[in-house]
Amino acid sequence: MSDQQINQVLQQMRSLAASAGVDAQPAASREIQPGQPNFRAMLRESLDKVSETQKSSNSLATRFELGDPDVDLPQVMVAKQKASVAFEATTQIRNRLVSAYQDIMNMQV
C-alpha cells in the first residue's frame, strides 16, 4: 500500500469519525482538560494508597513486636489483612490491564 493510499484511508477514517461525533485526534496528542478524569493520576493515587496501607501495617507490626502498649494484636491483624486485600486487588487489576493490552495488540487492523 502506498503512502497516498494510506493517507486516503486515514482521511476517510477521520471524516467518518467526525460525522459520528468522535474525536479522531490521537490520545497521546490530546491535552487533559481540568476536571476530566486522568487514568494515570488515578492509578498513581491508588498505588500510593496501597503502598501507604502496607507501610502502616508494617509499622503497626513492628510497634507490636517492640512491645508498644498502644498497639494490640487484633489491630495488627486487621491492618495486615487490609494490606493483603489491597495488594491482591492491585495484582488482579494489573493482570486484567495486561490481558486487555495483549488482546488489543493481537487485534488485526
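**Exercises on the α2–α3 packing and the largest pocket**

In this predicted model, α2 and α3 (helices are DSSP runs of H or I, at least four residues, numbered from the N terminus) pack at an angle of about 150°, with their axes 9 Å apart. Local features need pLDDT of at least 70, side-chain atom pairs count only at pLDDT 80 or more, and totals for chains, interfaces and linings use all residues. Residues are numbered from 1 along each chain, and side-chain values use heavy atoms, without hydrogens and water.

**Exercise 1.** Classify the relative direction of α2 and α3.

*Solution.*
1. Axes are lines fitted to C-alpha atoms over the stretch in contact (heavy atoms within 4.5 Å), and angles run from 0 to 180 degrees between N-to-C directions.
2. Angles over 145 degrees count as roughly antiparallel.
3. The angle of about 150° therefore makes α2 roughly antiparallel to α3.

**Exercise 2.** Determine which residues of α2 and α3 meet.

*Solution.*
1. α2 contributes residues including Phe39, Leu47 and Phe64.
2. Among their partners in α3 are Leu73, Phe87 and Leu97.

**Exercise 3.** Identify which element gives the largest share of the lining of the largest pocket.

*Solution.*
1. The lining comprises Leu43, Ser46, Leu47, Val50, Ala89, Thr90, Ile93, Arg94 and Leu97.
2. α2 (39–65) and α3 (73–106) each give two or more of these residues.
3. The largest share, five residues, comes from α3.

Methods
1 Å grid on protein atoms, 1.4 Å probe; cavity = no way out; pocket = protein on both sides within 12 Å on 5 of 7 lines; lining within 4 Å. Parallel < 35°, antiparallel > 145°, perpendicular 65-115°, else oblique.
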